[in-house]
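Please take a moment to look over the sequence and the fold before reading on. The explanation that follows goes through the structure in steps, from the whole chain to single residues.

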Amino acid sequence: MRDALRAARADAAFKQAVIEKLTHENAILKRLKFAAQSERFSAEQKSLLDETLDSDLAAVAAEIEALQPGRAAGDRQQPRREKLPPHLPRRDVCHEPENTTCGCGQAMQRIGEDVAEKLDYQPGVFTVERHIRGKWVCKCCERIVQAPVAPHIIDKGLPTTGLLAQVLIAKYLDHLPLYRQEAIFERAGHVIARSTLAQWVGECGVQLQPLVDALAAELLRQPVLHADETPVAMLKPGNGKTHRAYLWSYCTTQFSPLQAVVFDFADSRGGQHARDFLGLPGTPSKPAWQGKLVCDDFAGYKACFELGVTEVGCMAHARRKFHELWANHGSQVGEQALKFFGQLYEVERAAANADSQARLEARRAARPLADAMNQWLRQQRQRVPDGSATARAIDYSLKRWAALTRYLDDGDLPIDNNWVENRIRPIALGRQNWLFAGSLRAGKRAAAVMSLIQSAKLNGLDPYAYLRDVLDRLPTKPASRIGDLLPHTWHPNSSWR
């Protein structure tokens, strides 16, 4: 009878734990209020796919052309383009030689000019820039002088860098697909086909990639980084269906003098993507990154910690487990745990604007509080059955306690991973407009441009002004000085309009 009673009690405890688990999951689902719906392949989705393909084709063409430096300009097929509408306002930009005195000492005479028109855009208004290059001749020497054509981000392209920056900002910051921009431009007085817009996006993506690579190299010189990832739908080639891809995010901490974020688009959530970005395991000629990585408990990061990276846990993730217990069930364990977390975060708020040493001293004073919380969690764990939501919340914290409290011994470490989550949030909101990424190349291009835009915002810059100036100066910038155009080192060109 005693054996039967023990078996009955064990069975009752197990069933109660399962009931609590299912109730907890049901409450979370109700709070999320999410219901997935299948959609047919709509015209909007088709237009997004078309613009992705056009962008990819333009990007590939630009990359192929870059790999053929010996190709003569005359060998390139020149695209036909329609004349710009005569009703658009025009602004003349004159280009004259610096010196119109011939080497023989005679003053040269102006005999004509070449005019090239470029389409510019200010929000809601199109204008035309007329670039006038006067021709000067010395009758004595029969010598003609003319100001050279200024290099452009798109060779012999129609748009100004202002229009290109507007398209990129609208697409990657304001999350406006190109078919919507096409309609906006039509209302402004000039129709630009979305296929043309897509080609511009693709070519700009190729030209901006070296700048993004330089930004990533700067990021990997920092001793502490945040990492996180968010799902993005990506179209599978051939069958018109989507699968889950991921946008990985890496950024410096809020305490770092360098403020930067780099996004890396990948077709899966495999941990190899994180290791590739961090250069793990590394080689003698190219050592791997060996700093401290602030992240959640996703298994994909675990191999990084076996290769020399130091794990820093996210206290916010641990707190959320207990907040769900309290919000869904009014759990007393959850409520008391939240009080502990509140006291730890209060220390952080008080030292938020202090230097690293002052922050470290404040955290050392908070160590007894963290030790008391750890002891309390162990005591509570003995009182709850295995498999319950409370047990899982406690186990999450106890198993990662060393990583979760590592920040207490280092004034340069953050308490949680919220900093990088805030970098992802605007992009996650934009998924409502994206529907999906049309290809892996399109996803990587989006990640590159968004890295520059979001890093500009982190440094307090106007993304449009920054991107326009960069597109102006990038064609003439030597590769050895491309770092001058990174968001944290950028200064506006004195001649910028």
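The paragraphs below begin with the overall make-up and then turn to helices, a sheet and a few individual positions.

What you see is a predicted model, and the protein in it has 15 helices and 9 strands. Of its 497 residues, 47% count as buried. Among contacts between residues at least 6 apart in sequence, 68% join residues that are at least 24 apart.

A good place to begin is a pair of helices. Two packed helices are described by the angle between their axes and the distance between the axes. Helix H3, which covers residues 161–172, packs against helix H5, residues 194–219, at an angle of about 95 degrees, and their axes lie 10 Å apart. H3 is therefore roughly perpendicular to H5. On the side of H3 the contact is made by Leu163, Leu164, Val167, Leu168, Lys171 and Tyr172, while H5 contributes Leu197, Trp200, Val201, Cys204 and Leu208. Sorted by character, the residues of this contact comprise 10 nonpolar, no polar and 1 charged.

Following the chain onward from H3 leads to His175, which is found in the loop between H3 and H4. Its phi is near 60 degrees, a positive value in a residue other than glycine. Is His175 buried or exposed? With a relative accessibility of 10%, His175 counts as buried, because the cut-off for that class is under 20%. In helix H4 itself, residues 178–187, the buried residues are Leu178, Tyr179, Gln181, Glu182 and Phe185. Seen down the axis of H4, these buried residues fall within an arc of 155 degrees, so they line one face of the helix. H4 is followed by Gly189, and the phi of this glycine is positive, near 115 degrees.

Lys156 offers a comparison, as it too has a positive phi, of about 55 degrees, although it is not a glycine. This lysine is found in the loop between strand E4 (143–146) and H3, and at 54% relative accessibility Lys156 counts as exposed.

The next step is the sheet. Strands of a sheet pair through backbone hydrogen bonds, either parallel or antiparallel. Here 5 strands form an open sheet in the order E7-E6-E5-E8-E9, and the pairing is mixed. Strand E7 (261–266) and strand E9 (310–312) stand at the edges with a single partner strand each, so one side of each is left without a neighbour in the sheet. On average, and with direction ignored, neighbouring strands of this sheet are turned by 30 degrees against each other. Strand E8, residues 292–294, runs parallel to E9 and is joined to E9 by 3 bridges; Lys292 stands opposite Thr310 in E9. H5 packs on the sheet and touches strand E5 (224–235), strand E6 (242–251) and E7, and its direction makes about 115 degrees with that of E7. Helix H14, residues 440–458, also packs on the sheet by touching E5, E6 and E7, but its direction makes about 170 degrees with that of E7.

Within the sheet, one residue to look at is Val224, whose place is in strand E5. At 10% relative accessibility, Val224 counts as buried. Leaving aside residues up to four places away in sequence, Val224 touches Thr252, Thr253, Trp289, Lys292, Val294, Asp412, Leu413 and Pro414. Val224 and Ser256 are 32 residues apart in sequence, and their C-alpha atoms are 8.4 Å apart in space.

Finally, the loop between helix H6 (271–278) and E8 is the place of Pro281, and the peptide bond from Leu280 to Pro281 is cis, with omega near 5 degrees.

Methods:
Residues numbered from 1 in each chain as written. Predicted model: local features only at pLDDT ≥ 70, side-chain atom pairs only at ≥ 80, totals over all residues. Heavy atoms only, no water. Axes fitted to C-alpha atoms, helices over the stretch in contact; angles between N-to-C directions. Helix = DSSP H or I, 4+ residues; strand = E, 2+ residues; numbered from the N terminus. Parallel < 35°, antiparallel > 145°, perpendicular 65-115°, else oblique. Contact = heavy atoms within 4.5 Å. Nonpolar A, V, L, I, M, F, W, Y, C, P; charged D, E, K, R; others polar. Pairing = 2+ DSSP bridges. Buried < 20%, exposed > 50% of the residue type's maximum accessible area, 1.4 Å probe, protein only. Arc of directions from axis to C-beta.
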